[in-house]
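Got the viewer open? Let's take a walk through some aromatic rings, one selection at a time.

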Amino acid sequence: MTSSCRRPEHTAPPDVFYNEEEAKKYSQNSRMIEIQTQMSERAVELLNLPERQPCFLLDVGCGSGLSGDYLTEEGHYWVGVDISTAMLDVALEREVEGDLLLGDMGQGMPFRPGTFDGCISISALQWLCNADKRTHSPPKRLYTFFRTLYSSLSRGSRAVFQLYPENSEQLELITSQAMRAGFSGGMVVDYPNSSKAKKFFLCLFAGVTGVLPKGLGSETSDKAVPNQVQYSGQRCRFKSMKGKSVKKGRDWILEKKERRRRQGREVRADTKYTGRQRRPHF
């Protein structure tokens with residue numbers, strides 16, 4: 001964890017940095033989509049949600065809705081909050097199935113107590129450690145966020161934040177404000193000995209004290225421990241989907257269209273051509 005002048009949060013405030021040009025990358029760059037999906041998958045695993053039971057989740061810093069897409073694939077309902085109008089516009093264009101809210105996480109979460117069964121956040125929490133305005137106090141904004149998030153979560157649920165901490169002092173600031181707001185838990189570090197694969201996840205418990213999951217790739221990591229994703233270089237994700245429809249297949253498309261009909265949206269009628277692969281054009 002070394003400081004770098006190239007960090008996005010040092011360039012501009014989040015609502016300025018994530019402009020239209022930057023937002024388009026999150027819907028067009030296949031590498032970004034793949035990384036975002038992998039981190040969302042790991043975050044959901046750390047939530048330890050009940051199996052085969054739809055949950056109502058909060059996605060803080062939802063951006064263009066890539067993490068929300070994974071939540072939808074898993075059968076969950078979700079609400080996304082983001083400070084960037086450009087990112088939310090891309091999410092609307094992509095017709096994500098979650099509800100979207102424009103808001104600054106540093107000003108708190110405006111939801112009723114006990115609303116959500118869990119919360120995830122991908123690459124957003126470290127933005128609160130910067131003071132983008134004279135009135136901004138990082139400790140106060142972090143505490144306000146964690147306090148209102150704690151209230152909006154049901155007791156016994158979890159919140160998982162994937163983040164890129166700048167240094168150990170920043171980690172201490174974040175965790176101390178989370179504990180002050182009532183959370184328990186701590187940091188889960190995946191692949192701690194790798195400079196590229198290393199990932200930080202802040203795993204918080206609301207209302208109960210749970211056992212902190214082990215990080216992947218560490219010497220103490222046990223493959224027999226449940227609720228841990230074992231990543232490999234192969235694309236074997238769909239082998240463990242337990243009967244779910246393969247993404248972009250005909251059954252997956254029909255399920256998605258049926259969900260949208262239940263939401264009252266206008267959907268094209270099903271035909272024999274639905275989900276059919278088109279021949280490549282040369």
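Start by selecting F145: this residue is buried, at a relative accessible area of 0% (buried means under 20%, exposed over 50%, partly exposed in between, with a 1.4 Å probe and protein chains only). Add F146, which also counts as buried at 0% relative accessibility. Before going on, note that this is a predicted model, where local features need pLDDT of at least 70, side-chain atom pairs count only at pLDDT 80 or more, and totals for chains, interfaces and linings use all residues. Residues are numbered from 1 along each chain as its sequence is written, and side-chain values use heavy atoms, leaving out hydrogens and water.

Next, pick Y150 and F183. How far apart are the ring centres of Y150 and F183? They are 5.1 Å apart with planes at 80°, so this pair is edge-to-face (rings of Phe, Tyr and Trp, using its six-membered ring, pair with centres within 6.5 Å; planes under 30 degrees apart are stacked, over 60 edge-to-face, the rest tilted). Zoom out to the backbone: Y150 is in helix α7 (residues 138–152), while F183 is in the loop between α8 (168–180) and β6 (184–190), 33 residues away. Helices (H or I, at least four residues) and strands (E, at least two) are DSSP runs, numbered from the N terminus. F183 is buried too, at 4%.

Now add F161 to the selection: ring pairs join F145, F146, Y150, F161 and F183 in a cluster.

Last stop, the charges. Show R155, which lies over the face of Y150, 4.4 Å from the ring centre (NZ of Lys or CZ of Arg within 6 Å of the ring centre and within 35 degrees of the ring normal). Then select R180, whose charged end sits over the ring of Y143 at 3.9 Å from its centre.
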